[in-house]
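Visitor: I'd like to go through this one by asking why each label was earned. Can you show me what we're talking about?

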Amino acid sequence: MLVTHFSKYIFWSYNSNADLPNDVIIKQVALYGEINDLIKLSKLYRKDVILKVLNTFNNKNPKRVNFISKVSEEKENKY
């Protein structure tokens, strides 16, 4: 997926028109995205795909996990 769908600063270290794998997009947006980015992410990817990537995180911010769980309507313990 192209990084142009999200805030530019999330992918500052990539080419501005980079086509990245889904897991990279999901991880970067989940870690660094604004509310609008997270909402857009939930519209572009199915919940099970997002959850699968989020379950591989080692660096989990409790506030971000709580917010993502609210946006995706999933319980925190699934992350």
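Guide: Sure, and let's start with a definition: an axis here is a line fitted to C-alpha atoms, for helices over the stretch in contact, and angles run from 0 to 180 degrees between N-to-C directions. Keep in mind that this is a predicted model.

Visitor: What makes α1 roughly perpendicular to α3?

Guide: Their axes come within 9 Å and cross at roughly 75°. Angles from 65 to 115 degrees count as roughly perpendicular, so α1 and α3 get that label.

Visitor: Which residues meet where α1 and α3 are in contact?

Guide: From α1 you have Asp23, Ile26, Lys27 and Ala30, and facing them in α3 are Val49, Ile50, Val53 and Leu54. Sorted by class, that contact has six nonpolar, two charged and no polar residues.

Visitor: Why is Gln28 called buried?

Guide: Buried means under 20% relative accessible area. Gln28 comes in at 16%, so it counts as buried. This residue sits in helix α1, and, leaving aside neighbours within four places in sequence, Gln28 is in contact with Ile10, Phe11, Tyr14 and Gly33.

Visitor: And Leu44, why is that one called partly exposed?

Guide: The cut-offs are under 20% for buried and over 50% for exposed, with partly exposed in between. Leu44 has a relative accessible area of 37%, so partly exposed is the right label. Leu44 is found in helix α2 and touches Met1, His5 and Phe6, not counting residues up to four places away in sequence. Leu44 and His5 are 39 residues apart along the chain, yet their C-alpha atoms are separated by 9.7 Å.

Visitor: Which residues have the most contacts inside the largest nonpolar core?

Guide: Phe6, Phe11, Ile25, Val29 and Leu41, in a core of 18 residues. The elements giving two or more residues to this core are α1 (22-32), α2 (35-44) and α3 (47-54), and α1 gives the most, with four.

Visitor: What is Val29 in contact with, leaving aside its neighbours within four places in sequence?

Guide: Phe6, Ile10, Phe11, Asp37, Leu38, Leu41 and Arg64.

Visitor: How many helices and strands does the protein chain have?

Guide: Four helices and zero strands, so to speak a plain α-α-α-α read along the sequence. Of its 79 residues, 33% count as buried. The protein chain exposes about 5500 Å², with carbon and sulfur atoms supplying 51% of it.

Technical notes
Residues numbered from 1 in each chain as written. Predicted model: local features only at pLDDT ≥ 70, side-chain atom pairs only at ≥ 80, totals over all residues. Heavy atoms only, no water. Core = buried A, V, L, I, M, F, W, Y, C linked by side-chain atoms within 4.5 Å. Buried < 20%, exposed > 50% of the residue type's maximum accessible area, 1.4 Å probe, protein only. Contact = heavy atoms within 4.5 Å. Parallel < 35°, antiparallel > 145°, perpendicular 65-115°, else oblique. Nonpolar A, V, L, I, M, F, W, Y, C, P; charged D, E, K, R; others polar. Areas by Shrake-Rupley, 256 points an atom, 1.4 Å probe, with all protein chains shown as cover.
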